[in-house]
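Trainee: Here is a model I would like to understand. Can we go through it step by step?

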Amino acid sequence: MTFEELKEMDQTYVMQTYNRFPVDIDHGKNATLYSLSGKEYIDFTSGIGVCSLGCADPRWVQAITDQAGKLGHISNLYYTQPGPKLAKALCQRTGMACAFFGNSGAEANEAMIKLARKYSFDKYGKGRSTIITLNHSFHGRTITTLTATGQPAYHNYFFPLNEAFRYADPTWESILEQTGDDVCGIMMELIQGEGGVNPLDKELVQKVAQLCQEKDWLLLIDEVQTGVGRTGSLFAFQQYGIQPDVSTFAKGIAGGLPMGGILANETCAKVLTAGTHGSTFGANPIAAAAACTILDILDDQMMEEVKAKGQYLRGGILALNSPCLGNVVGMGLMLGVDVKGERTNKELASLLAENGLLVLTAGPRLRLLPPLTITKEEMDKGLAILKQTLA
Ligand SMILES: *Cc1c(COP(=O)(O)O)cnc(C)c1O
């Protein structure tokens, strides 16, 4: 099949909900991908922070094929090994008490929101269901997570939205303004991903954590993008010096298979009970087996490597000294690059794709989320394409 044939079939039969680059990807190895016609791309996207181990990592392929050959799915009516093993590994490495598994970021955030409302209802009864979220956040595309998302542009067309969300700027004053007796939790990303790679101030986050503790509001951290080693620690909250009541994860957890979920602390461990929440595919054995393998690989040494690679990439970009690029923000291998001059970030991303480098955009920035396993050679190739494109 040629690219043109593929494109026509997609445009005819697939709902056109995505602005795709004029690029097809057929196969690859780590952060080096190939199209149907054999064109090579360096991948600074990892499928939007999903392919933690890059493309076709043999350890990941082995875990999946072994599990698929044994048991692919049976439902949550029965016990299976991979889910509890994964939950144990996640809890032991984060200080959390237990996990719930679903299939996507939005579904994970839905679970976290349900937990927060039920926690409050169980303890205080009705009238305390409001969740404060931040402007420029992104929490998903279901009606409730869309409502939680503090970007009015995403709300268009889909009214009426869910009730009981209020939005604050990431400042202490603005957050205080939105507080009240009707609140049950404060929900935020520590580095806003889709919103533009905006790292939150560490002191602010710690103050919010303390406020939550004083008021018995739940601290709800959306780590769908920042989690699973992306920022150089298993979860970003470990570098912010806070312990959330509930944290979500999704994108990178199973390295390319759909999985998401939540981690709850001791206080929140028993809020969601039989009959109050569930998911048919949740803790699917194949996805969970893949995730166990990923957690094994993402050990302390690997986390140091992620930090070092992030520094290397940041240094390489700054060293280009291009008038088209500005500051580089972010942590680990979650980087945002300011774009200056005539070209927008989207135009630059398109040009880079033409020249063989895949990057993402977020807000006004370029967003880089390479596989955590990207090699120095692959980073150098990507930086060379960036340099040549900017020249
Ligand atoms: C991607 C993302 C989501 C939504 O995840 P889906 O798997 O697309 O539902 C939610 N929150 C954050 C922070 C994200 O980056």
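**Helix α9 and the sheet**

Mentor: This model is predicted. Start with α9: its buried residues pack against α8 (172-178), β7, β10 and α10 (237-240).

Trainee: Which residues of α9 are buried?

Mentor: Buried means under 20% relative accessible area. In α9 that picks out Leu204, Val205, Val208, Ala209, Leu211 and Cys212.

Trainee: Why do the buried residues line one face of the helix?

Mentor: Look down the axis of α9. Exposed residues, namely Glu203, Gln213 and Glu214, sit on the other side. The buried ones line one face because they fall within an arc of 160°.

Trainee: Which side-chain oxygen reaches the backbone nitrogen of Glu203 at the start of α9?

Mentor: Look at where α9 (residues 202-215) begins. The oxygen comes to within 3.4 Å of that nitrogen. It belongs to the side chain of Asp201.

Trainee: Now the sheet. Which strands stand at its edges?

Mentor: Seven strands form an open, mixed sheet in the order β4-β12-β11-β10-β7-β5-β6. An edge strand has a single partner, so one side is left without a neighbour in the sheet. The edge strands are β4 (98-102) and β6 (165-168).

Trainee: What is the bridge partner of Thr133 in β6?

Mentor: Strand β5 covers residues 130-134. β5 and β6 pair in the parallel sense, over four bridges. In β6, the partner of Thr133 is Tyr167.

Trainee: At about what angle does α5 run to β10?

Mentor: Helix α5 (residues 105-124) lies across several strands, including β7 (183-188) and β10 (218-222). Its angle to β10 is about 180°.

Methods: Residues are numbered from 1 along each chain as its sequence is written. This is a predicted model: local features need pLDDT of at least 70, side-chain atom pairs count only at pLDDT 80 or more; totals for chains, interfaces and linings use all residues. Side-chain values use heavy atoms; hydrogens and water are left out. Two strands pair if DSSP finds at least two bridges between them. Helices (H or I, at least four residues) and strands (E, at least two) are DSSP runs, numbered from the N terminus. Contact means heavy atoms within 4.5 Å. Axes are lines fitted to C-alpha atoms, for helices over the stretch in contact, and angles run from 0 to 180 degrees between N-to-C directions. The expected span of a helix is 1.5 Å times one less than its number of residues. Buried means under 20% relative accessible area, exposed over 50%, partly exposed in between (1.4 Å probe, protein chains only). The arc is that of the directions from the helix axis to the C-beta atoms. A polar contact is a pair of N or O atoms within 3.5 Å; within protein, one must be able to donate a hydrogen and the other to accept it, and residues adjacent in sequence count only if both atoms are side-chain atoms.
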